[in-house]
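This report describes the fold, the buried interior and the charged pairs of one protein chain. The sequence and the structure are shown first.

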Amino acid sequence: MPRPSQALLSRQRIVETASAMIDADGLAAFSTRRLAAELGVRGPSLYNHFPTKDAILDAVADAVIAGVDVSFFTTHDWRDALRLWGHSYRDALTAHPNIVPYLAQGPGRRPAALHMADAVYGGLVKAGWPPARATHIGAVMRYLVAGSSLGSFARGFVEDPELYAAHYPHLSQAHRLAEHQHSVDEGAFALGLDALVDGLAREYEATVGPLPPLEPRPDSYYSRNLQR
């Protein structure tokens, strides 16, 4: 029987299929056996491209991080760069929340994740931050972004007004939060990110030196820059 003109499998196809499965069913349900069945191949075929299940998960995680824009650290003041990178980083993770617990373990040997860490650290050090503090800033940004990407705060409250009225009077409007998921979740992240960057700016001026004033930014500034 003649061999097919195109290979049944490629690294890209494996990663894309694995990513879709994790998006749909979560990390706990993911297995190489299920992945092989979804791809219509036998399990050992996967190992021609990836030696282990963890190697596949690494590739899925790295594909997510590859979508994060880190160019801001070469074109913007570090304060704006942190904000723009933070929003891009969160957008990438919220599109694939089920892989976030795996990503939260750290960059490991993943090329895109290491490139991101290198760009952020390098940009902060170039801006005058001491190396140790630049490391802390990168870590706290990861905590903020990953934590905000694990799930929706607004959707954590059930739509049952009687529950709150009877037992939790200060939450009398909590049943409406799900209706406003975008504004609640996005607003909370933006508030936290602004507070973090403003606090870092005060520390910079106290320990490193004066900062030039930033130009006022309209509300659409960050979304416009992320869509460029």
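A salt bridge is a side-chain nitrogen of Lys or Arg within 4 Å of a carboxyl oxygen of Asp or Glu. The model discussed here is predicted, and it holds 7 salt bridges. One of them joins the side chains of Arg34 and Asp25, with an N to O distance of 3.2 Å. Both partners are partly exposed, Arg34 at 37% relative accessibility and Asp25 at 43%.

Two further pairs link distant parts of the chain. Asp58 and Arg110 meet in a salt bridge of 3.1 Å, N to O; Asp58 belongs to helix H4, whereas Arg110 sits in the loop between helix H7 (100–103) and helix H8 (111–126), 52 residues apart. Asp58 counts as partly exposed at 28% relative accessibility, but Arg110 is buried at 6%. Arg90 pairs with Glu186, their closest N and O atoms being 2.8 Å apart. Here helix H6 supplies Arg90 and helix H11 (residues 181–207) supplies Glu186, at a separation of 96 residues along the chain. Arg90 is buried, with 5% relative accessibility, and Glu186 is partly exposed, with 26%. In addition, Arg83, Asp194 and Asp198 are joined into one network by salt bridges that share partners.

The three individual pairs are collected below.

| Pair | N to O distance |
|---|---|
| Arg34 and Asp25 | 3.2 Å |
| Asp58 and Arg110 | 3.1 Å |
| Arg90 and Glu186 | 2.8 Å |

**Overall fold**

The protein contains 12 helices and 0 strands. Its C-alpha atoms fill a box of roughly 70 × 55 × 30 Å along the principal axes. Of the 228 residues, 37% are buried. Among contacts between residues at least 6 apart in sequence, 70% join residues at least 24 apart. The accessible surface comes to about 13400 Å², and carbon and sulfur atoms account for 55% of it.

**Core and surface**

The largest nonpolar core has 57 residues, among which Leu82 and Trp85 touch the most other members. Beyond its neighbours within four places in sequence, Trp85 is in contact with several residues, including Val68, Phe72, Phe73, Met116 and Met141. On the surface, Val158, Leu163, Tyr168 and Leu171 form a nonpolar patch with about 330 Å² of accessible area together. Leu163, located in helix H10 (residues 161–167), is partly exposed at 30% relative accessibility.

**Helix H2**

Which residues of helix H2 (residues 32–39) are buried? They are Thr32, Leu35, Ala36 and Leu39. These residues lie on the same side of H2, because they cover an arc of only 100° around the axis. The buried residues of H2 pack against helix H1 (11–25), helix H3 (43–46) and helix H4 (53–65). Arg33, Ala37 and Glu38 are exposed on the face turned away from the buried side. Just after H2, Gly40 adopts a positive phi of about 75°.

**Contacts across the sequence**

Asp77 occupies the loop between helix H5 (72–75) and helix H6 (78–94) and is partly exposed, at 24% relative accessible area. Apart from residues up to four places away in sequence, Asp77 touches Pro212 and Leu214. The C-alpha atoms of Asp77 and Leu211 are separated by 9.8 Å, although their positions lie 134 residues apart along the chain.

Ser149 lies in helix H9 (residues 131–149) and is buried, at 3% relative accessibility. Leaving aside neighbours within four places, the contacts of Ser149 are Arg90, Leu93, Thr94, Pro97 and Val100.

Note on methods
Residues are numbered from 1 along each chain as its sequence is written. This is a predicted model: local features need pLDDT of at least 70, side-chain atom pairs count only at pLDDT 80 or more; totals for chains, interfaces and linings use all residues. Side-chain values use heavy atoms; hydrogens and water are left out. A nonpolar core is a set of buried Ala, Val, Leu, Ile, Met, Phe, Trp, Tyr and Cys residues joined through side-chain atoms within 4.5 Å. Buried means under 20% relative accessible area, exposed over 50%, partly exposed in between (1.4 Å probe, protein chains only). Contact means heavy atoms within 4.5 Å. Patches are made of residues with over 30% relative accessible area and no salt bridge: like charges are joined within 9 Å, nonpolar side chains (Val, Leu, Ile, Met, Phe, Trp, Tyr) within 5 Å. Accessible areas come from the Shrake-Rupley method with a 1.4 Å probe; for residues, only the protein chains shown count as cover. Helices (H or I, at least four residues) and strands (E, at least two) are DSSP runs, numbered from the N terminus. The arc is that of the directions from the helix axis to the C-beta atoms.
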